Amino acid sequence: MEILQIKNLTFRYPDAEKSALDSISLSLKAGEFAVICGESGCGKSTLLQLLKRELSPYGEKSGDILYDGVSLSQVDERAAASNIGFVLQNPESQIVTDTVWHELAFGLESLGFDTQVIRRRVAEMASYFGIEEWFHKKTTELSGGQKQLLNLASVMAMQPKILLLDEPTAQLDPIAAMNFIGTLQKLNRELGLTILLVEHRLEDVFPIADRVLVLEEGRLICDDHPKNIGTYFKAYPSHPMLAGLPAAMRIFGLLQEEGDCPITVREGRDYVIENYKDDIDTVTAKPYRHCDEKTVELKEVWFRYERELPDVMKGVSLQVYKGEHFCMLGGNGTGKTTTLGVIAGLLKAYRGKILTKGKVAFLPQNPQTVFLEKTVEEDLGEACRIMKYTPTESEDKIANVVGRLGIEHLLQMHPYDLSGGEQQKAALAKILLLQPQILLLDEPTKGIDAYSKRTLSAIMKELKEEGITIITVTHDVEFAASEADRCGMFFDGELVSTDTPTNFFTENSFYTTAANRISRGYFQNAILCEEVAELCRMNGRKAGRANE
């Protein structure tokens, strides 16, 4: 039975040159788990918001959306609010009350449910999601993972028929993200809940999805079972989506294999071990070299937000050198973002020393805080005025940074009308115009597709060559493994370990890449898909396993 139908849906934002969605038609059966993916700005979030009437963006729309056979515009208000649940990308933006228990009850109270029903449903959801231990806490005291789980539990208390999620793991650490996706799988399997999920991190969602929907420039170009997606894109070897597929599929594609494509880590591991020899089993690790000039140094730094609150930074010491890219990893709430704030001078430590050499620029986790004007172009112009560039200099510098990031088409748009990934790139463009010597980035790949990350990587390499020091807080282990010179693990307010990416990721079980999980114990030091594929090529296929 089809619970959702989209018929020839087209949508254009006000004053936009082209449609955000173009003739989208699809249907979703009750109980299906479908994933929507595609490049940043392809229309994923717009499509999802149009399915939740209360969140529909303003603009010109044609076509129709049917929920349970009825046009969404005609669905009863109470049914529209409760039957179609929505979880946003930013956990902070969905929480509306000050305590956990009240947040769980808020939606039910708004719909006028009986007190006994509210208490029963809240108790049930708190138990199911393991919220009992922090049931009476203030929502401001929760970690990012806890906040997102609370958002999901609050929506589920309404007993929705469809659950829409817009990149819900974007701000979660790898372990919290894995647990969150596992919870979605349980809800789908145990309750028969229909799920439509927008996601860039496909490693954990492909194996559990019934269907994958790929959008490109507002059009639906592929709608198929996850195993067939790799086959579809083999006909387009330079397509940006290939860079974002699960590691097993990317390795399979790099080796130009035929036949059934592995999806999961286990399937990829079995495929490599069964088909390829391991005579040459080690990747030569890139040596760590740095210049002698320190641009950032922290010595036994302690910080707390208020006198009566516990310490968030507990004796953090760190040295980062000129032209180095240092990545901070660790769970939500361990002190990473606070450390960036202290380095930037936005937060004042009560003990320890912070030394910086050169101008510091900080790109926060929420890029919207960077924007002050009505268009991206005006915002970039504002950065140029701060730097006191001449009109000619401003024009040249804006053209250069816009070209490097590929955001020419965004210049006349309001920053708040952009997708999360587009906002991230536009905010970075503004920060780069300030010409910092030290660049602090908080989750710079959040909401950005894998192909756009390659553009970001190329820019970072250029910045490093110019002697700019980059310190990044990230949950994106693939990005850190590929781009960092060193990685540091934060835990409980302390920087507990620093090492090169190869040593860091080959010795972790969860804070590591899927490529390393596939090859670990068979190949050594391989942390990237390209490294696993190269070792396979160097070793050759096992006897009787010739690729036909």
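This passage describes a three-stranded sheet with the helix that crosses it, and then the internal cavities, in a predicted model.

The sheet is open, and its three strands follow the order 12-11-14 with antiparallel pairing. Strand 12 (313–321) and strand 14 (351–356) occupy the edges, and because each has a single partner strand, one side of each is left without a neighbour in the sheet. On average, neighbouring strands of this sheet are turned by 10 degrees against each other when direction is ignored. The antiparallel pairing of strand 11 (residues 294–303) with strand 12 extends over seven bridges, and Lys-314 in strand 12 is the bridge partner of Trp-302. Helix 10 (residues 336–344) lies across strand 11, strand 12 and strand 14, and runs at about 115 degrees to strand 11.

Four cavities of 30 Å³ or more are present in the structure. The largest cavity encloses about 130 Å³ of space, and of the 13 residues that line this cavity, Ala-170, Arg-201, Thr-445, Lys-446 and Asp-476 are the closest to its centre. Classified by residue type, the lining of the largest cavity comprises seven charged, four polar and two nonpolar residues.

The second largest cavity has a volume of about 60 Å³, and the residues that line it include Cys-37, Gly-38, Glu-199, His-200, Pro-240, Met-241 and Tyr-451. Strand 3 (33–38) and helix 14 (450–465) are the elements that give two or more residues to this lining. By class, six nonpolar, three polar and two charged residues line the second largest cavity.

Methods:
Residues numbered from 1 in each chain as written. Predicted model: local features only at pLDDT ≥ 70, side-chain atom pairs only at ≥ 80, totals over all residues. Heavy atoms only, no water. Pairing = 2+ DSSP bridges. Helix = DSSP H or I, 4+ residues; strand = E, 2+ residues; numbered from the N terminus. Axes fitted to C-alpha atoms, helices over the stretch in contact; angles between N-to-C directions. Contact = heavy atoms within 4.5 Å. 1 Å grid on protein atoms, 1.4 Å probe; cavity = no way out; pocket = protein on both sides within 12 Å on 5 of 7 lines; lining within 4 Å. Points joined across faces, edges and corners; volume = space filled by probe spheres on them. Nonpolar A, V, L, I, M, F, W, Y, C, P; charged D, E, K, R; others polar.
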